[in-house]
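Biologist: Please take one part of this model and look at it closely, residue by residue, starting with the backbone and then moving to the space around it.

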Amino acid sequence: MVELQHGNTEPPVLTVFKQQHPGLQVIDFNGNQQFQAIKYEIRSALNLLQQGRCVYCEAWLSDEEGHIEHIVPKGGPNAQPTLCFEYTNFAHSCSTYNTCGHSKQAKVLPIPPGPGCNDHWTLSTEDGSIQPLTGLNRAQRHKVTQTRDMLGLNRHAELVRDRKKWIEQFEVVAKAHPEAIDQFIGSAPYRYLLATLLR
């Protein structure tokens with residue numbers, strides 16, 4: 001997952017929109033025509049913040065693809081409607097049917113995207129799957145597997161195969177040019193997941 005840090009980077013168009021429309025409700029996220037016009041700018045800002053990667057699976061994602069994801073859901077039994085228009089609750093997620101935001105739906109992630117979110121899992125060099133680190137206690141392991149499975153990160157065979165290909169490239173670079181491994185990771189998809197292989 002992208003270790004997302006929004007900082008003070010809310011797009012000005014969102015700030016102005018919220019000032020001009022006090023009392024926004026969840027229905028306005030998809031129903032307010034004026035808001036639809038600025039969604040592209042918000043999505044582009046998130047894409048830049050995430051360096052062109054889906055917040056959950058870390059696959060490459062252009063600013064014209066995917067959707068604005070609510071990290072904490074805006075609807076359903078776990079809804080937090082007051083966070084519906086909060087930029088710090090937004091992320092850019094791919095629109096793959098059975099992974100990421102579409103797989104998560106209105107659930108609350110045990111491990112949300114943010115600093116340290118990758119601390120308890122790693123990539124299997126054998127098959128590209130995401131696995132809990134060895135040595136975790138039962139509660140930690142449960143949080144890892146629940147988050148991974150909620151997002152479907154091992155469910156999509158093509159995604160797992162692609163991670164395996166990048167792991168193989170990582171291993172080649174690490175062996176032939178270990179001094180270049182940080183640069184390689186920084187320019188690859190799955191940046192944060194690949195970095196777990198350095199532990």
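Modeller: Buried here means under 20% relative accessible area, exposed over 50%, and partly exposed in between, with a 1.4 Å probe and protein chains only. The model is predicted, so local features need pLDDT of at least 70 and side-chain atom pairs 80 or more, whereas totals for chains, interfaces and linings use all residues. Numbering runs from 1 along each chain as its sequence is written, and side-chain values use heavy atoms, without hydrogens and water.

The part I would choose is helix 4 (residues 100-104), helices being DSSP runs of H or I of at least four residues, and strands runs of E of at least two, numbered from the N terminus. Most residues other than glycine have a negative phi. Cys100, in helix 4, has a positive phi of about 55 degrees although it is not a glycine, and Gln105, in the loop between helix 4 and strand 3 (121-123), likewise has a positive phi of about 55 degrees without being a glycine. Their surroundings can be set side by side: Cys100 is buried, at a relative accessible area of 0%, while Gln105 is exposed, at 56% relative accessibility.

Helix 4 also takes part in the lining of the largest pocket, to which helix 2 (27-31), helix 3 (33-49), strand 1 (67-70) and helix 4 each supply at least two residues. A pocket is an open set of points on a 1 Å grid over the protein atoms alone, where a 1.4 Å probe fits, with protein on both sides within 12 Å along at least five of seven lines, and lining residues have an atom within 4 Å of a point. Of the 17 residues lining this pocket, His67, Ile68, Glu69, His70 and Lys74 lie nearest its centre, and strand 1 gives the most to the lining, with four residues.
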